[in-house]
There are 2 protein chains.
Amino acid sequence: MTYMLCRSACEKIEINSMKNTNEQPIELQTAQDLILDFCSDLEVEQVPLAESLGRYPASELVALSALPGYDQSLRDGYAIGTGGLVAAQHSIHSFQIVDEVAAGDTRKLVLGAGSAIRIMTGGLIPANCTAVIPEENCEVTGSTLVVPHFFPEPVKTFIHPRGSELAEGQVIVPKGVSLSPEHLIVLAGVGYHTVQVIRVPKIRFFCTGSELVSGTVAKTAGKKFSANSPLLQGLIKRAGGRITTSQTVEDDQEAVATVISEMLQAGCDILISTGGMGPGKFDLIEETFCRLGGKVIYSSLLLRPGKSTLFGILGNTLFFGMPGPPPAVHLLFNELIRPAILALQGAKRSIPQKCKARLIEDLFFPKRGLARLKSGVFHLKDANCLVRQAKRTETANCYIYCPAPQRKMRKGEMVTVHLLEPASLCT
Amino acid sequence: MTYMLCRSACEKIEINSMKNTNEQPIELQTAQDLILDFCSDLEVEQVPLAESLGRYPASELVALSALPGYDQSLRDGYAIGTGGLVAAQHSIHSFQIVDEVAAGDTRKLVLGAGSAIRIMTGGLIPANCTAVIPEENCEVTGSTLVVPHFFPEPVKTFIHPRGSELAEGQVIVPKGVSLSPEHLIVLAGVGYHTVQVIRVPKIRFFCTGSELVSGTVAKTAGKKFSANSPLLQGLIKRAGGRITTSQTVEDDQEAVATVISEMLQAGCDILISTGGMGPGKFDLIEETFCRLGGKVIYSSLLLRPGKSTLFGILGNTLFFGMPGPPPAVHLLFNELIRPAILALQGAKRSIPQKCKARLIEDLFFPKRGLARLKSGVFHLKDANCLVRQAKRTETANCYIYCPAPQRKMRKGEMVTVHLLEPASLCT
């Protein structure tokens, strides 16, 4: 599938090296599948365990040793063996305290009949120990331990046996799953100090637009401050990618060609542009990309926003040509580029997860024609999922999906939402 | 409230400078309230907009200028004014194309009657313009523009008027809310290049336990690898805190006192310890903390895990004494320390949000007595919230709350869950 697409893209370029105007727009999901087809694992690197949270292991991680590694006490108290003086009531036992085991003590002690050894939480259980009696259930007079509420067969021994949590060789983290705090706990416990993970992709981007000004230039009618540059820097960092450079470029083929060439030469796994997409004669990304030998995989989606968005490859670099409006960049970043950033690290699940929610306000769209994704605020109430459209400066946590033929979605209707990160709430 | 508590803590220390054994355990929510009482905003710093995602503004951020800043075109097409030749059908107009406005062109053009000006998306709308006709609805022959489907009163003008999104002075981000991609878009648009944010807290931690080994030392029965160190490093980084140092320390009062003193002297907003909590005679954190002049705010929670956990203050530093088991550290970090990290930055909402979910498996607890929080996997299905207990090496995304008297929670029961970050799904 991948190969065929590359080939057809090449053929297309041979036929028309400037611009491919006949390309059929495709569905969002098809676009996502195509992108993931081009994402194979990047190289492996070794990182300290303390820096591995959120990273993806190079292969499944297994227990290097059993967990716990030795029989250990679950309480501060007294390790007792067999025997002990039994008082008349048959429920009071007494033992002679003969030693003390702190956590970290590596001596292999043996409990004699009628003896007890003081032990700390985490301490190594002596041989012949039948139970640890928590301190709060003991009475100590001199070196005599009295256990008033002791039964010959204690319900709970407070011994954490070797290997009871994990056997040696057992899988801790499967391939394709990012490392979580839970994993770190177990990995540290079985002796991982470093882990082999897949490196994060290097990303470069440029924002086109002669109307864009940056720095602290005074604003003039006709000029705008670039929002895409800070937006993309934030989004890439949050998605775990590594930004190497970014730049603002004039709407000019030569300037764009120079930037693309320089960024490719400097090396990047993902190259992103904003602006310069669409039908106007000033729209220049696709033409420049093709002229430089880029292979277009698709250049139009059956989606609004996103109608004008390009995905292609240039050597080993994935190229995303995004439209100019920042809300479209935000959406397409989450639906297309973030999945690529994760998939290049071997993530098994990378596209935003979908779930159903009940719309709590009517939703209208000005135009019929294409499917839409609208920024939404998803929330839970009394164990139900509710959603409404996000306001202009409100933080969205999902996109509400509106199928192509619809222009209205009514309050109370069940709709599909795409959840933003973390995408782990849906089955 | 805060003052009274500090005072009572001081008095308690005067009476018993070594250890306060009579302190009453408190509920989790009381503990959270007490901690937040001690969290006031740290100092303000200025950061580039591109590095501000997730940070908290020092004060509400308002629009420095209107958005958009000028009347701009929403399409590549033709700006038309009044007049134009009308054909017999009354629906075909023609105009003379007299100029061209690229995005970024700052000339203040004026449209004469019967004239049209080619304009790009984002271009400055000329004076006297009534509408922009998108390119795809136009026919151009030489310098003549023909609009076949033009109506005297177009439904949509494709003009984005100055100030239609935001008026100057309008609030973009309220105080206490973290900066999101949506905010960055608007802030950039109105001319923010940098933002005043509250600095992130400096955090130091140490892990006590003579049984702990670090580095690549071979494992011996009786010794364990420290899981809390990589765990806390990951959790602190993910919560946005700045880790300055961390250390492993023997179970020894002098060693602990030295580490606390050194870390305080080097400066930190939050100091965390793990281990050395609980009733045994080797449990040393509270004693050492008090000896150094620390004021204990509480030292026991009505919660499992968390029964033995200390919160206190030492100078301007918040001190959290956590128990040793890593799962308890994980839970208490999320319920107590992460809220403090956010609240010190001025966050309005910082404790994990609660919601209801249906239990899909029975849940048993070995002991009666204290309320419990159990790691859970929360998910959505058909717009319903479901939850089950997390397996040992599975990534949890919530805690399931079990009230004090209960030992069993049945499949199908509605339970309360505390959602882990992001905590923005509940109302």
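Chain A comes out with an average pLDDT of 85, and 86% of its residues score at least 70. Keep in mind that this is a predicted model. The weak spot to know about is residues 1-22 of chain A, where the pLDDT is below 50; that stretch has 23 contacts in the model beyond near neighbours in sequence. Where pLDDT is low, the predicted coordinates should not be read in detail. For the model as a whole, the scores are ipTM 0.82 and pTM 0.84.

**Inside chain A**
- You'll find seven helices and 29 strands in chain A.
- Of the 427 residues in chain A, 48% are buried.
- If you take the contacts in chain A between residues at least 6 apart in sequence, 70% of them join residues at least 24 apart.

**Where the chains touch**
- Chain A puts 85 residues into the contact, and chain B puts in 84.
- On the chain A side, the elements that each supply at least two residues include helix H3 (181-189), helix H4 (228-238), helix H7 (326-343) and strand E25 (371-381).
- That side of chain A is a mix of 34 nonpolar, 32 polar and 19 charged residues.
- The copies meet through the same surface, because 99% of the interface residues of chain A are also interface residues in chain B.

**How the copies are related**
- A turn of 180 degrees with a shift of 0.0 Å along the axis lays chain A on chain B, with an RMSD of 0.1 Å.
- In other words, this is the relation of a two-fold axis.
- Looking for the axis in chain A? The C-alpha nearest to the axis belongs to Asn384(A), at 2.5 Å.

Definitions and conventions. Residues are numbered from 1 along each chain as its sequence is written. Chains are lettered from A and ligands numbered from 1 in the order in which they are written. This is a predicted model: local features need pLDDT of at least 70, side-chain atom pairs count only at pLDDT 80 or more; totals for chains, interfaces and linings use all residues. Helices (H or I, at least four residues) and strands (E, at least two) are DSSP runs, numbered from the N terminus. A residue is buried if 20 or more other C-beta atoms lie within 10 Å of its own, exposed if 12 or fewer, and partly exposed in between; C-beta atoms are placed from the backbone. Two residues are in contact if their C-beta atoms, placed from the backbone, lie within 7 Å. Ala, Val, Leu, Ile, Met, Phe, Trp, Tyr, Cys and Pro count as nonpolar, Asp, Glu, Lys and Arg as charged, and the others, Gly among them, as polar. pLDDT is the predictor's confidence in each residue, from 0 to 100. Copies are superposed by least squares on the C-alpha atoms of residues with pLDDT of at least 70 in both.
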